[in-house]
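User: Hey, got a minute to go through a model with me? I'd like to talk about its empty spaces and a few of its parts.

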Amino acid sequence: DLGRIRQAAGEPALTATKVFQKLMFGEGHPYAQPFSGTGTRASVAAITREDLVRVHETYYRPGNAAVVVVGDITLDEAVAAVSRALRGWEPRPVPAVAVPPARPQGSARICLVDRPGAQQSVILLGQPGLARRDPDVLTMNVFNTPLGGQFMSRINMNLREDKGYTYGARTASQSMAGGGVFLANAPVQTQYTKESVAELLRELREVRGERPLTDAELAAGKNQLIKSFPQRFQTIQGIAGQLGELVLYGLPLDDWTTYRSRVDAVGAAEAARMAREHLDPDAMRLVIVGDRAVIEPGLRELGLGDIEVVDADAE
């Protein structure tokens, strides 16, 4: 794990994500930990064998687990096999685990991680988002797809095809059990960092008001979601993963069968509501990894407020 942490420190996109997570959720929050699951140098170095044993004995219990079986097997055969394999697994009460509310930290609008000589700037722009069981999650995904969730989206067509600032710009609504984030991501040419930030903010402001998603854009986005949905079930591993998600998040068992009709039902009015209620470009925070000497003057010209220079290696 320490090797993976050192390797990740050299990747600008991973560095931006690490800083963004801490900024959105706050130091010590579970979702402020690296998504890779590697932890930090300090946390990994502090782990003892006794810690591992304690966590295993406390949380790895039948009442805190579900078994997903996919394959050429009947239910009776699966139950018999699992029962044999786990017959010695002792039930025991498991402490409840609650995810605390996000506690965004710092007051600066922009966090800048200096990478002298970098030919690209990695931009992450976002805000706290929706938990996985929020009723707006699917509607938000439908809204996000034509905005920045697919190749032909507004944001990618602007920054890549029209301006030539990047090979790809995306937005995403990421949802976990206890919260989520909405974020825009764009690795851009260093000399166009200021312009890229300005265009991202412009697109997010305009979709909330003067230039909402059109019926044609929504139809294309919904078509993309519906046509790609079966790909989730193409392999045994994919089917198991989808079943595991139903269990993990407590989703209704008809979630798959109603997916298409629920996507189809999202219209322009609902998409506009997503923009108004779940996007606030003027409150979004930015993390930028790039050459400070080149990009900081332009970022200050945008007038977005304070800029904090962050040491991404400091834990």
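User: Which helix gives the largest share of the lining of the largest cavity?

Analyst: That's helix α12, residues 268–278, which supplies three residues of that lining. Keep in mind that this is a predicted model.

User: OK. Which residues line the largest cavity, then?

Analyst: Phe143, Val207, Pro212, Leu213, Ala268, Ala271 and Ala272. By class, that lining has seven nonpolar residues, with no polar and no charged ones.

User: How much space lies in there?

Analyst: About 40 Å³. The structure holds one cavity of 30 Å³ or more.

User: And the largest pocket, what's its volume?

Analyst: About 690 Å³. Its lining takes in 29 residues, and nearest the centre are Arg132, Val137, Leu138, Asn141 and Tyr259.

User: How does that lining divide by class?

Analyst: It has 13 nonpolar, seven polar and nine charged residues.

User: Which helices and strands supply at least two residues of the pocket lining each?

Analyst: On the helix side there are α6 (137–149), α9 (215–228), α10 (236–249) and α11 (259–264), and strand β3 (170–176) does so as well.

User: Let's stay with α10. Which of its residues are buried?

Analyst: Gly238, Gln242, Leu246 and Tyr249 are buried in α10. They cover an arc of only 100 degrees around the axis, so they sit on the same side of α10.

User: What do those buried residues pack against?

Analyst: The buried residues of α10 pack against β3. Over on the other side of α10, Gln237 and Leu248 are exposed.

User: How far apart are the end C-alpha atoms of α10, and what span should its residues give?

Analyst: The ends are 20 Å apart, and the 14 residues of α10 should span 20 Å at 1.5 Å a residue, so the two agree.

User: What follows α10?

Analyst: Gly250, and its phi is positive, near 65 degrees.

User: Switching to α11. Where does Asp264 stand, buried or exposed?

Analyst: In between: Asp264 is partly exposed, because its relative accessible area of 40% falls between the 20% and 50% cut-offs. Asp264 is in helix α11.

User: What does Asp264 touch, if you don't count residues up to four places away in sequence?

Analyst: Lys222 and Ile226. There's also a C-alpha separation of 9.9 Å between Asp264 and Leu225, which are 39 residues apart along the chain.

User: And Glu206, buried or exposed?

Analyst: Glu206 is buried, because its relative accessible area is 13% and the cut-off for that is under 20%. Glu206 belongs to helix α8, residues 193–206.

User: What is Glu206 in contact with, leaving aside its neighbours within four places in sequence?

Analyst: Arg211 and Pro212. Pro212 is also one of the residues that line the largest cavity.

User: Zooming out, how many helices and strands does the protein chain have?

Analyst: 13 helices and six strands. Along its principal axes, the C-alpha trace spans about 65 × 50 × 30 Å.

User: What percentage of the chain is made up of buried residues?

Analyst: 38% of the 315 residues in the protein chain.

User: Last one. Among contacts between residues at least 6 apart in sequence, what percentage join residues at least 24 apart?

Analyst: That comes to 78% for the protein chain.

Note on methods. Residues numbered from 1 in each chain as written. Predicted model: local features only at pLDDT ≥ 70, side-chain atom pairs only at ≥ 80, totals over all residues. Heavy atoms only, no water. 1 Å grid on protein atoms, 1.4 Å probe; cavity = no way out; pocket = protein on both sides within 12 Å on 5 of 7 lines; lining within 4 Å. Points joined across faces, edges and corners; volume = space filled by probe spheres on them. Helix = DSSP H or I, 4+ residues; strand = E, 2+ residues; numbered from the N terminus. Nonpolar A, V, L, I, M, F, W, Y, C, P; charged D, E, K, R; others polar. Expected span 1.5 Å × (residues − 1). Buried < 20%, exposed > 50% of the residue type's maximum accessible area, 1.4 Å probe, protein only. Arc of directions from axis to C-beta. Contact = heavy atoms within 4.5 Å.
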